[in-house]
Amino acid sequence: MIDLKALRDDPDTARASQVARGADPALVDELLAADERRRALLSSFEQQRAEQKELSRSIGKAAPEERQAVLGRARALAEQVKDAEAQADEAARELDTLLWQMANVVADGVPPGGEDDFVVLREVGAPRDFEAEGVAVRDHLELGEGLRAIDTERGAKVSGSRFFFLTGVGAQLELALLNMAMDKATAAGFSPMITPTLVRPAIMAGTGFLGAHADEIYHLETDDLYLVGTSEVALAGYHSDEILDLSDGPRRYAGWSACYRREAGSHGKDVRGIIRVHQFHKVEMFTYVSEADAAAEHERLLALEEEMLAAVELPYRVIDTAAGDLGSSAARKFDCEAWLPSQQRFLELTSTSNCTTFQARRLGVRERTAEGETRPVATLNGTLATTRWIVAILENHQQADGSVRVPQALQPYLGGRTVLEVQA
RNA sequence: GGAGACGUCGCAUAGUCAGGUCUAGUGCGCAUCCCUGCUAAGGAUGUGAGGGUGUAAGCCCUCCGUGGGUUCAAAUCCCACCGUCUCCGCCA
C-alpha cells in the first residue's frame with residue numbers, strides 16, 4: 001500500500017500517478033478525507049478511553065460508601081466509550097478499504113498510457129534471416145512435436161486445454177534451463193529457494209495480486225488457499241511481519257517453483273502450443289532492499305535477465321512498460337521480449353518490477369535503520385527463466401531439417417548435447 | 001481423523017487457578033555512561049511494535065497467537081479460530 005503520510009504531504013504526485021495509470025485521481029481525495037475523519041474519531045475515542053481507564057482504576061480503591069455512585073458513572077462512561085470506539089473502528093475500516101484499492105505510485109519517467117504505450121529501451125541481437133538460410137520456419141509446437149519434446153494433445157486429454165506434457169528431451173531442456181538459471185542466480189549472490197505454491201489469503205493479498213486481476217488466480221475453496229502464479233508471492237511472504245537487518249546489503253533470493261494461472265481473460269489468445277498455459281515452471285529473483293537502493297537493484301535484476309537471454313543466444317528487446325500496464329504493486333517494470341520467428345513478433349520472456357515499499361507495507365516487512373528506527377523496505381522481482389523460454393529457443397535455433405541447435409552455455413546442462421535431433 | 005500440552009515486548013521466563021498500582025516483573029543479550037585497569041570484572045541508566053497529538057520536551061491510545069464475548073475493569077474468565085509440539089490412527 002502507499003504511504004499515507006507521503007500522500008498527505010504531496011497529494012499531487014499521487015493524483016498524477018493515478019492519471020498516468022488511467023485510474024481515478026479522485027481516489028486520492030477520498031483517501032485524504034477518510035484519513036482526516038479517522039484521525040478525528042480516533043483522537044476522540046482515545047481521550048474518552050483514557051478517562052474511563054482512570055475512573056475504572058479508582059473503583060478498586062474507592063471507599064465502600066461512594067463505590068455505588070462511582071460504579072454508576074463508570075457504567076455510563078463505558079457505554080459512551082464503546083460507541084466512540086465503534087465509530088473510530090468504522091472510520092479506520094473505511095480508510096483501509098480505500099487504501100487497499102490504491103495502486104502504487106508510479107516512478108518518475110514511466111511512460112503514461114496503456115499496454116501499447118511502452119517505450120523500447122534497446123534491441124539486442126538480430127533475428128536470423130531464415131529465408132536467406134533456406135530454412136522454412138516451423139513454429140515451436142511443430143518443432144517440439146518433431147523432437148518428441150512437447151505433447152499438448154495428451155496434456156489436454158489429462159488436464160484440459162492449456163496443459164501439456166514435456167517429454168524426453170523437452171523435459172530435459174526445461175530442467176537444463178532452470179538449473180542454469182539457478183546457477184546464475186546463486187553465482188550472483190541469490191539464495192536458492194524452493195517455495196510453497198499454495199499460500200494463505202493474507203499473503204496473496206499482500207503481494208497485490210488480488211486486485212483487478214484476481215480472476216487470474218486459482219483459489220482452493222475448501223482450504224481457502226491460493227495457488228501462486230509466481231514464487232514472488234511466497235518469497236514476498238517469506239519475511240512478512242519481520243524487521244530485517246539490511247546493513248550488510250540486500251536479501252536476495254532465487255525462487256524455483258511451479259506457477260499457476262487461470263488465463264481467464266485470454267480466451268482465444270495464444271491457444272497453440274505452450275506460450276500461454278495454466279501451469280509452468282519458473283526461476284524468479286526476489287530482493288529485499290532499502291528503498292534508496294531500489295532503483296539500482298532494479299537495473300541489476302534487468303542486467304541478470306539480459307545475461308540469461310544472451311547465454312541462450314536469443315535476439316530480444318527491452319521495454320519500459322507503460323503506467324497502465326503495470327501491476328498494482330509495481331512502480332516500474334521492464335520486460336525483455338524475445339523475437340518469435342513463426343509469428344514475426346516479440347514475446348515476453350522476462351519481467352522485472354520495482355514494487356518500492358508497496359508490498360512491504362502490506363506484508364509488514366521493515367528494516368532497522370542505523371538510528372534504530374524501523375521503516376518499510378523495498379521489494380523487487382524479476383524472471384530468470386520459465387518454461388516459455390523453450391518456445392523462443394526452439395524457434396530461434398531451429399535448423400532446416402527440424403532439429404534444434406543447443407546454445408553453447410546450455411550444453412553442459414544437457415549432457416554436452418549440441419543438437420536436439422528429430423525423432424522418428 | 002482421535003487425545004493431550006502449549007502460544008507473554010530479541011531469547012529465556014514470571015504472571016493466568018483466586019480479574020483491579022501488570023502503568024507486564026526478572027535473567028540473558030544489546031546500547032550508552034561510570035569506575036577500574038590488563039587476556040577481564042563490577043556498577044548506573046536505557047532497551048518491543050503500531051498509532052494519535054504537540055514547534056518541542058512530552059502526554060495519550062492500542063497490541064500478551066487471532067477474532068468475538070462477559071465486566072466499571074481482562075495477559076488473567078467464556079466461546080470460536082489459527083499455529084507449534086507430543087502420542088495414537090490412517091495414507092504416501
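Which residue has a polar side-chain atom 2.7 Å from a phosphate oxygen of RNA strand B? Good morning, colleagues; the residue is Arg 368. A polar contact here is a pair of N or O atoms within 3.5 Å; within protein, one must be able to donate a hydrogen and the other to accept it, and residues adjacent in sequence count only if both atoms are side-chain atoms.

This is a predicted model, in which local features need pLDDT of at least 70 and side-chain atom pairs count only at pLDDT 80 or more, while totals for chains, interfaces and linings use all residues. Residues are numbered from 1 along each chain as its sequence is written, chains are lettered from A and ligands numbered from 1 in the order in which they are written, and side-chain values use heavy atoms, with hydrogens and water left out.

Let me continue with the RNA. Arg 75 places an N or O atom of its side chain 2.5 Å from a phosphate oxygen of RNA strand B. Glu 46 addresses a base instead: an N or O atom in its side chain is 3.3 Å from a base nitrogen. In total, 23 residues surround the strand, and Ser 43, Arg 49, Arg 75, Arg 366 and Thr 374 are the closest; near means that a heavy atom of the residue lies within 4 Å. Of the RNA atoms within 4 Å of the protein, 80% belong to sugar or phosphate and the rest to bases.

Which helix supplies the largest share of this surface? Helix H3 does, with 12 residues. H3 (26–60), H4 (64–101) and strand S14 (365–368) each supply at least two residues. Helices (H or I, at least four residues) and strands (E, at least two) are DSSP runs, numbered from the N terminus.

I turn now to the sheet. It is open, has 8 strands with mixed pairing, and follows the order S1-S11-S12-S13-S16-S10-S9-S4. At its edges are S1 (119–124) and S4 (191–194), each of which pairs on one side only; two strands pair if DSSP finds at least two bridges between them. Within the sheet, S10 (residues 279–289) and S16 (residues 378–386) run antiparallel and are joined by 8 bridges. Met 285 stands opposite Gly 382 in S16.

Finally, helix H8. Buried residues (under 20% relative accessible area, 1.4 Å probe, protein chains only) in H8 include Val 169, Leu 173, Leu 177 and Met 180. After H8 comes Gly 189, with a positive phi near 100°. Thank you.

Terms used. Buried means under 20% relative accessible area, exposed over 50%, partly exposed in between (1.4 Å probe, protein chains only).
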